[in-house]
Amino acid sequence: MVQKLTTLMESPSQTAGPYVHIGCTPNFLGNEGIYPVDLGAEAIRDGAKGEIITITGHVRDGAGMILRDAMIESWQADAAGLFPSPHETRGKADPNVLGWCRFAANFDSGDWTLRTVKPGRVPHVQGMMAPHISLWVVARGINMGLQTRIYFEDEPEANAACPILNRIEHRERVQTLLARKTGEGHYRFDIVLQGDDETVFFDL
């Protein structure tokens, strides 16, 4: 007997294609005038508390090619570990840390850049999560957006106690989630889709 479906079926996914920038980052693409500024163009405003950092990286596929049309969205807490929220943290989180940001890879180099504050540790039911920035990655050839996180190599104690990092069974792969410090306030974080040094992705 065939079971009768009483809920809506999930719509099929489709690769982002070359048009994602037209709808999501038109000013970045050069199509000015649609919006004054692209939605999510900045992660922070002037006056944001905490250490201002710049993270640079690229997205690389299994053949080693850099994806020059990648687009990424980030979500993070402020320097005190608080997220913008209409609930219990209303009025407590830093109003100059927007939490969410959208940015695209440079069409020539393939590098993307995120200027933000270094987030604080965030409470979890099993302890305190290490400072991190959540990422959602799309590009041509990626049928479903990929979820990953940026942690920081210069937070060894917090990383060692992080309940999320401790759930990764293959311990050698934890390093794929660590942004490398390249200078004062500067980090490098490359995302590898397949092959050697493949980045850990999360099923969210």
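The following exercises, each with a worked solution, concern aromatic pairs, strand pairing, burial and the largest pocket of a predicted model.

In this predicted model, local features need pLDDT of at least 70 and side-chain atom pairs count only at pLDDT 80 or more, while totals for chains, interfaces and linings use all residues. Residues are numbered from 1 along each chain as its sequence is written, and side-chain values use heavy atoms, with hydrogens and water left out.

**Exercise 1. Classify the ring pair Phe 103 and Trp 112, and state whether each residue is buried or exposed.**

Step 1. A pair of aromatic rings is described by the distance of the centres and the angle of the planes. Rings of Phe, Tyr and Trp (its six-membered ring) pair if their centres lie within 6.5 Å; planes under 30 degrees apart count as stacked, over 60 as edge-to-face and the rest as tilted.

Step 2. The structure holds four aromatic pairs. In one of them, the ring centres of Phe 103 and Trp 112 are 5.5 Å apart and the planes stand at 45°, so the pair is tilted.

Step 3. Buried means under 20% relative accessible area, exposed over 50%, and partly exposed in between (1.4 Å probe, protein chains only). Phe 103 has a relative accessible area of 7% and is therefore buried; Trp 112, at 1%, counts as buried.

**Exercise 2. Classify the pair Phe 152 and Tyr 187, and place both residues in their strands.**

Step 1. The ring centres of Phe 152 and Tyr 187 lie 5.1 Å apart with planes at 75°, so this pair is edge-to-face.

Step 2. The pair links distant parts of the chain, 35 residues apart: Phe 152 belongs to strand β8 (residues 146–152) and Tyr 187 to strand β10 (residues 186–188). Strands (E, at least two residues) are DSSP runs, numbered from the N terminus.

Step 3. Both Phe 152 and Tyr 187 are buried. The charged end of Lys 118 sits over the ring of Phe 152, 5.2 Å from its centre; the criterion is NZ of Lys or CZ of Arg within 6 Å of the ring centre and within 35 degrees of the ring normal.

Step 4. Two strands pair if DSSP finds at least two bridges between them. Strand β9 (residues 178–183) pairs with β8 in the parallel sense over two bridges, and three bridges join β9 to β10, which run antiparallel. Tyr 187 is the bridge partner of Lys 181.

**Exercise 3. Describe the surroundings of Ser 74 in strand β2.**

Step 1. Strand β2 spans residues 71–76 and includes Ser 74. Five of the six residues of β2 are buried, so the strand is largely enclosed by the rest of the structure. Ser 74 is buried, at 1% relative accessible area.

Step 2. Five bridges join β2 to β3 in the antiparallel sense, and Ser 74 stands opposite Cys 101 in β3. Strand β7 (residues 133–138) pairs with β2 over six bridges, also antiparallel.

Step 3. Leaving aside neighbours within four places in sequence, Ser 74 is in contact (heavy atoms within 4.5 Å) with residues including Cys 101, Phe 103 and Leu 114.

**Exercise 4. Which residues lie nearest the centre of the largest pocket, and which strand gives the largest share of its lining?**

Step 1. On a 1 Å grid over the protein atoms alone, a pocket is an open set of points where a 1.4 Å probe fits, with protein on both sides within 12 Å along at least five of seven lines; lining residues have an atom within 4 Å of a point.

Step 2. The largest pocket holds about 360 Å³ of space, a volume being the space filled by probe spheres set on the points. Of its 23 lining residues, Ala 41, Glu 42, Cys 101, Thr 113 and Arg 115 lie nearest the centre.

Step 3. The elements giving two or more residues to this lining are β3 (100–104) and β4 (111–117). The largest share, five residues, comes from β4.

Technical notes:
Helix = DSSP H or I, 4+ residues; strand = E, 2+ residues; numbered from the N terminus.
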